[in-house]
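Hi everyone, thanks for making time. I'd like to walk you through a structure that's new to most of us, so have a look at it while I talk.

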Amino acid sequence: GTGVQGDGSFSISCNEAREGLLFAQKPGDSRYGMLEDVKTRGGPYIVPLQEGKTIRGRVEGLEELDPKSRRFSPSVEATHVLRRLRVRGMLTDDGAFELTGCPDGTYDVSVRAGALRAEQKGVAAGTDGVVLQLTK
């Protein structure tokens, strides 16, 4: 499990001895924390926050959604191509989105809304004007 304290410190329970990437980001916050080569049996680690980049765009085809699906706000996700880390954001009523706190790199940006999906591959962090067209 994970526990976050009032001062921002957190702990993660892990049963296996591993080494990997630690990535912390809160949707809507422009900052992120990332440490590489973290050992699960090591620590404590200090994860400094740094300013990330924003991917902005809009989703088209929302009018095609089944009325039942409209009750659930579709989320947009960007997956870093090399590190496989994910940054998530929400859509506004008009289909606009912002994915904030993205580390440098290239992302595959996707949205899923009911049975409809859209994806754009190869989007650089900091890109404005991404258009995702929902299709079945």
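Let's start with one pair of strands: strand 10, residues 106–113, and strand 11, residues 116–124, pair antiparallel over seven bridges. If you want a single rung to look for, R112 has R117 in strand 11 as its bridge partner. The two strands make a hairpin with two residues between them, and G114 in that turn has a positive phi of about 60°. Oh, and before I go further: this is a predicted model.

Stay on strand 10 for a moment, since D108 is found there. So is D108 buried or exposed? Its relative accessible area is 12%, and the cut-off for buried is under 20%, so D108 counts as buried. A polar atom of the D108 side chain lies 3.3 Å from the backbone nitrogen of G122. Apart from its neighbours within four places in sequence, D108 is in contact with E77, A78, T79 and V81, and also with E119, Q120, K121 and G122.

Okay, let's zoom out. The chain has one helix and twelve strands. Reading from the N terminus, you get β-β-β-β-β-β-α-β-β-β-β-β-β. Along its principal axes, the C-alpha trace spans about 50 × 30 × 25 Å. There are 136 residues, and 33% of them are buried. If you take contacts between residues at least 6 apart in sequence, 45% of those join residues at least 24 apart.

Now for another hairpin. Strand 3 and strand 4 run antiparallel, joined by six bridges. On strand 4, M34 is the bridge partner of F23. This hairpin has five residues between its strands, and G28 in the turn has a positive phi of about 95°.

G28 comes up again when we look at T100, over in strand 9, residues 96–102. Not counting residues up to four places away in sequence, T100 touches Q25, G28, D29 and S30, plus K53, T54 and V87. The T100 side chain reaches the backbone oxygen of D29 at 3.1 Å. With 8% relative accessibility, T100 is another residue that counts as buried.

For a contrast, let's go to T40. You'll find T40 in the loop between strand 4 and strand 5, the latter being residues 49–51. What does its relative accessibility make it? T40 has 34%, and since that falls between the 20% and 50% cut-offs, T40 is partly exposed. T40 and E16 are 24 residues apart in sequence, yet their C-alpha atoms are 7.4 Å apart in space. Leaving out neighbours within four places in sequence, the contacts of T40 are C14, E16, A17 and R18.

Last stop, the largest pocket. How much space lies in it? About 830 Å³. It is lined by 27 residues, and the ones closest to its centre are F10, I12, L22, A24 and V47. Which strand gives the most to that lining? That's strand 3, with six residues. Strand 2 (10–12), strand 3 (19–25) and strand 4 (31–39) each supply at least two lining residues. By class, the lining is a mix: twelve nonpolar, eight polar and seven charged residues.

So that's the tour: two hairpins, a few residues in detail, and the pocket. Happy to go back to any part of it.

Technical notes. Residues are numbered from 1 along each chain as its sequence is written. This is a predicted model: local features need pLDDT of at least 70, side-chain atom pairs count only at pLDDT 80 or more; totals for chains, interfaces and linings use all residues. Side-chain values use heavy atoms; hydrogens and water are left out. On a 1 Å grid over the protein atoms alone, a cavity is a set of points where a 1.4 Å probe fits but cannot get out, and a pocket is an open set with protein on both sides within 12 Å along at least five of seven lines; lining residues have an atom within 4 Å of a point. Grid points are joined across faces, edges and corners, and a volume is the space filled by probe spheres set on the points. Helices (H or I, at least four residues) and strands (E, at least two) are DSSP runs, numbered from the N terminus. Ala, Val, Leu, Ile, Met, Phe, Trp, Tyr, Cys and Pro count as nonpolar, Asp, Glu, Lys and Arg as charged, and the others, Gly among them, as polar. Buried means under 20% relative accessible area, exposed over 50%, partly exposed in between (1.4 Å probe, protein chains only). A polar contact is a pair of N or O atoms within 3.5 Å; within protein, one must be able to donate a hydrogen and the other to accept it, and residues adjacent in sequence count only if both atoms are side-chain atoms. Contact means heavy atoms within 4.5 Å. Two strands pair if DSSP finds at least two bridges between them.
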